[in-house]
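Hi,

Here is the structure I promised to pass on. Have a look at it first, and my notes on what turned up are underneath.

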Amino acid sequence: MAIDIFSIWLISLLGFLILWPVSLLRRDASVVDFWWGPGVGAMVLVAGLRHDVPFTGVAVLLMSLTVIWALRLGLHLGFRRIIEGEEDARYAEMREAWSPGWPWKSLFIVFILQSVLQGLIALPLLVAVMKDDPVAMTAFSAVASLFVLAGIALQTRADLELDRHRAENGHGTLLTSGLRAYVRHPNYLGEIFVWGGLSALAVQLGVLWAPLSLVLVTGLLRYVSGVTIIDERMQRTRPSVYPDYRDMVPALIPRMSTLQHLFKRGLQSGNDV
């Protein structure tokens, strides 16, 4: 199985290596994001098809949900890069910090590193869909699937709200309404939901260590490439508004008072029907 997994991981590496010269031609290292979702989806799909996953049961459910998440993320990031036409601020800052020699440095600290992380995160899913023993769907499968779908829905709504805000107000303004009135980074919360559900399905398929994917995704988003970097940049670029917003709105988990308010509002809406 180890040889199979390594050969499947080469799909991830090949995608990132193809994007590296594209990034040099465009002077835009953020094209690396194109392959994050689709790369995971491609690896899981190939792993399942190579091992003749039956078109029933938890394994095919895991494959299907992974591909749905991957396609949505890849299409959204692809269209965003085309529309914006400039390098994402995170990578622009890295370019400045690691210059001179950024083109070659970016190959290792952006593209190859992301391939390694992608392989580690996807590993439990690959092992799960490569198992020979079929597992039937249960209520547990349904709940795990709902987590994945809820995460995808959360990300989709958060992206639409941000795109609409930027189209109406430009990139220099701060969006504090909609989902961002409850958490500062709803996209990342949605990603955690997705990987919580996918990890649960992998556990049901016998990969008991699958929650390590959730832990790794959460750690990266919270402390490495997500919340920390964005909060620091927003405080530098929007010093008049962002500190107050950061103090009032939590990063990922809504406050209990907010959840209680939303629950009561939902009950009232139900009574009005």
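Start with helices α5 and α7. This is a predicted model, and in it the axes of α5 (residues 102-129) and α7 (residues 186-204) come within 9 Å of each other. They cross at roughly 35°, and the crossing is left-handed. On the α5 side the contact is made by I121, P124, L125 and A128, while α7 brings W195, L198 and A202. Sorted by class, that contact has seven nonpolar residues, with no polar and no charged ones.

Helix α7 turns up again in the aromatic pairs. A search of the whole structure gives five of them. One of these is F147 with F193, a stacked pair with 5.5 Å from centre to centre and 25° between the planes. F147 sits in helix α6 (residues 139-169) and F193 in helix α7, so the pair ties together parts that are 46 residues apart in sequence. How exposed are these two, F147 and F193? F147 has 39% relative accessibility, so it counts as partly exposed. F193 comes out at 30%, so it is partly exposed as well.

While you are looking at α6, click on E161, which lies in that helix. Is E161 buried or exposed? At 12% relative accessibility it counts as buried, because the cut-off for buried is under 20%. Setting aside neighbours within four places in sequence, E161 is in contact with L175, S177, G178, L179 and R180. For L179, the C-alpha to C-alpha distance from E161 is 8.2 Å, with their positions 18 residues apart in sequence.

Next, go to the loop between α6 and α7, where you will find R184. R184 is another charged residue by class, and it is buried, with a relative accessible area of 9%. What does R184 touch? Leaving out residues up to four places away in sequence, the list is V227, D231, Y242, Y245, R246, V249, P250 and A251. As a distance to check on your screen, the C-alpha atoms of R184 and S106 are separated by 29 Å, and the two are 78 residues apart along the chain.

Now for two backbone details. Most residues other than glycine have a negative phi, and most peptide bonds are trans. Which peptide bond is cis here? The one from S99 to P100 is, with omega near 0°. P100 is in the loop between α4 (89-98) and α5, so you can find it by following the chain towards the α5 helix you started with. The other detail is R27, a residue other than glycine whose phi is positive, near 50°. R27 belongs to the loop between α1 (2-26) and α2 (36-50). R27 is exposed, with a relative accessible area of 57%.

From there, carry on into helix α2, where G39 is found. G39 has 0% relative accessibility, so it counts as buried. The C-alpha atoms of G39 and G74 are separated by 9.0 Å, and these glycines are 35 residues apart along the chain.

Finally, zoom out to the whole chain. What does the secondary structure come to? There are eleven helices and zero strands, so reading along the sequence you get α-α-α-α-α-α-α-α-α-α-α. The radius of gyration is 20 Å, close to the 19 Å that the globule rule gives for 273 residues, so the chain is as compact as a globular protein of that length. Along its principal axes, the C-alpha trace spans about 60 × 55 × 30 Å. Of the 273 residues, 46% count as buried. As for contacts with a separation of 6 or more, 79% of them are between residues 24 or more positions apart.

If you only have a few minutes, I would open the α5 and α7 crossing, then the F147 and F193 pair, then the cis bond from S99 to P100.

Cheers

Note on methods
Residues numbered from 1 in each chain as written. Predicted model: local features only at pLDDT ≥ 70, side-chain atom pairs only at ≥ 80, totals over all residues. Heavy atoms only, no water. Axes fitted to C-alpha atoms, helices over the stretch in contact; angles between N-to-C directions. Helix = DSSP H or I, 4+ residues; strand = E, 2+ residues; numbered from the N terminus. Left-handed = near helix turned anticlockwise from the far one by under 90°. Contact = heavy atoms within 4.5 Å. Phe/Tyr/Trp six-rings, centres within 6.5 Å; stacked < 30°, edge-to-face > 60°. Buried < 20%, exposed > 50% of the residue type's maximum accessible area, 1.4 Å probe, protein only. Rg over C-alpha atoms; globule rule 2.2 N^0.38 Å.
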